[in-house]
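Biologist: I would like to go through an interface and a pocket. Please give the general idea each time, then the case.

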Amino acid sequence: MDQFTINLLFVGASFALYIGIAIWARAGSTSEFYAAGRGVHPVTNGMATAADWMSAASFISMAGLIAFTGYDNSSFLMGWTGGYVLLALLLAPYLRKFGKFTVSEFIGDRFYSPTARIVAVICLIVASTTYVIGQMTGVGVAFGRFLEVDNTTGLLIGAAVVFAYAVLGGMKGVTYTQVAQYVVLILAYTIPAIFISLQLTGNPIPALGLFGDHAASGEPLLAKLDAVVRELGFNEYTAHHADTLNMVLFTLSLMIGTAGLPHVIMRFFTVPKVSDARWSAGWALVFIALLYLTAPAVGAMARLNISEMMWPNGGIEGGAVTVQQIEGEARYDWMATWQKTGLLDWEDKNGDGAIQYYNDANADLQAMAAEKGWEGNELTKFNRDILVLANPEIANLPSWVIGLVAAGGLAAALSTAAGLLLAISSAVSHDLIKGSINPSISEKGELLSARIAMAVAIAVATYLGLNPPGFAAQTVALAFGLAAASIFPALMMGIFSTRINNTGAVAGMLAGLVVTLVYIFLHKGWFFIPDTNSFSDADPLLGTVKSTSFGAIGAAINFIVAYVVTGMTKPLPQEIKDLVQSVRVPRGAGSAQDH
Amino acid sequence: MSDNSSNSAYWSANVRIILISLVIWAIVSFGFGILLRPMLSGIAVGGTDLGFWFAQQGSIIVFLALIFNYAWRMNKLDREHGVDEE
């Protein structure tokens, strides 16, 4: 059986599993759709939350970004896990006590203003749509590889599948489907990592192998990797090269954004008890950590494997891989397969029959190149987003592992994309149209507007996904910045302040959202349309602050504006003060109410 | 709901636990992982230094401990102040 058939089999089987579970669970109770997780144990709920949360960015993209940058991209690891601390301590238990179903409802009630609710909906739509663009990038890579077509075709097929998947609707809400997706996703991520860790270090636990010894040389793995990449003229893997201020702000933006993303927060609204909301956040992080502790090992080991593959005879001394080897040897087959997607490419620029991979921007290597007759780096394209999916092929693992990874990548991308699309469509139809514009809309009309909103969101995301503002995880990082600047501060002030009033909250959210959005558009192009940007992240407007790191500043602006405007306007009414007091104590939490 | 003085004692105890937890949260990630990494460079861990470990693994493990500790202490605090869910 060839690889293509095996991939198809794994992807098909995993889909059949999700649909089967959805049908089985639905027969039991239809109300599960609305109250995902009610009556479900915190451990199960944590696992489902982990599947909901870990997207194409975590699964497909993150390890690749760490692999090619090393320590400097640790921000992704700390940021996307540290946010759960904020969520568990500052938001989850109180929002559960409040007992409604959506983030915008809390903001609307706490700030006693329909305007606040609409502004929250707008913030939610902007952040979620940006997030979907990142998912579409990942979906395009995964479908491109697994159907062996170019990236654009892969993206269009992926968009159609996501749409069909999201319209099935209820599937997303069923906790047990997500538990199955988590299991597929985590096995697909860790099994190849275990194989590779055994090959390189002899340690079956990748997270320990990363800090263990490289079996072939006897040196510590990371010391070996530093030496290998240094020889090729790249930055040392473990060293700190990035700007420190930007790294701190980027990490903080990802953390705050995690705690401000509506589709994650929503999961804590519906756990049975306030005390369960606290435990659930912990369990979710346990399951997320299984992937996040493995990811840095995947990145480092893949980087070492790729470098050694391009210089198969013990570094530069032994000579580069030859074109003949790439075309003829089975262990280089992955390069030809990925070349078809257009995301990997090489070119024998100096016509010496070999492919030299090195950093041609490094002065020492330029001198060596002149001496040896090299004419620049010949591994001309290596898209970071392909690394995790290509990893089992690079390490020459059995075909079934490769099929499993294809299924895992799609599970991660589809579950999150579908979840976000549902969040967008319910925000438009329920909060915006039924809640404010036309309260007398019929149920049929509400459903139709939800479908239209979903179709529009997916069309926009697909169009922008063709020319994404960055690799999947970078685009997703922008979404986190937007959530950090708009939603998190409003929620936190709603709980921890008995002063902030309606005008203050609305002004704060708008200021945070607009300033952050403008900063992103100035660097990534207006509405992410290429070539409309005035600055770039290589040379940002504000010193060293990249557009992906601006969310933390946006959040600070939100807090400051809210305090200043509150000081100038009418104080909070007594009944809202009482509401804040009641949100702060668990007693009397009852079950979550629909409205 | 119990009386207001007990509620405000409960709330300040909660805020105190949150503040201590967030200080630890910031020290392991922004501190040991990024800003204080040069200070930890003398402590070798598997071919690199302790700061690298905190940035890529250690902080995640501490985050887990913080959340479970918070859940446990708060659920106990709820009962002590009589504000737990009956």
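Modeller: What follows takes the interface of chain A and chain B, then one pocket. This is a predicted model, where local features need pLDDT of at least 70, side-chain atom pairs count only at pLDDT 80 or more, and totals for chains, interfaces and linings use all residues. Residues are numbered from 1 along each chain as its sequence is written, chains are lettered from A in the order in which they are written, and side-chain values use heavy atoms, without hydrogens and water.

Biologist: How many residues does each chain give to the contact?

Modeller: Contact means heavy atoms within 4.5 Å. Here chain A gives 54 residues and chain B 42 residues.

Biologist: What area do chain A and chain B bury between them?

Modeller: Buried area is the accessible area (1.4 Å probe) that two parts lose on being put together, summed over both. The two chains bury about 4400 Å², 73% of it on carbon and sulfur atoms. On the chain A side, Phe211(A), Arg278(A) and Arg587(A) lose the most area, together 18% of what that side buries.

Biologist: How many salt bridges cross the interface?

Modeller: A salt bridge is a side-chain nitrogen of Lys or Arg within 4 Å of a carboxyl oxygen of Asp or Glu. The rule finds 2 across this interface. Arg278(A) and Asp78(B) form a salt bridge at 2.8 Å, N to O.

Biologist: Which residues lie nearest the centre of the second largest pocket?

Modeller: A pocket is an open set of points on a 1 Å grid over the protein atoms alone, with protein on both sides within 12 Å along at least five of seven lines; lining residues have an atom within 4 Å of a point. Thr69(A), Asn73(A), Asn246(A), Gln474(A) and Lys546(A) lie nearest the centre, among 22 lining residues.

Key
On a 1 Å grid over the protein atoms alone, a cavity is a set of points where a 1.4 Å probe fits but cannot get out, and a pocket is an open set with protein on both sides within 12 Å along at least five of seven lines; lining residues have an atom within 4 Å of a point.
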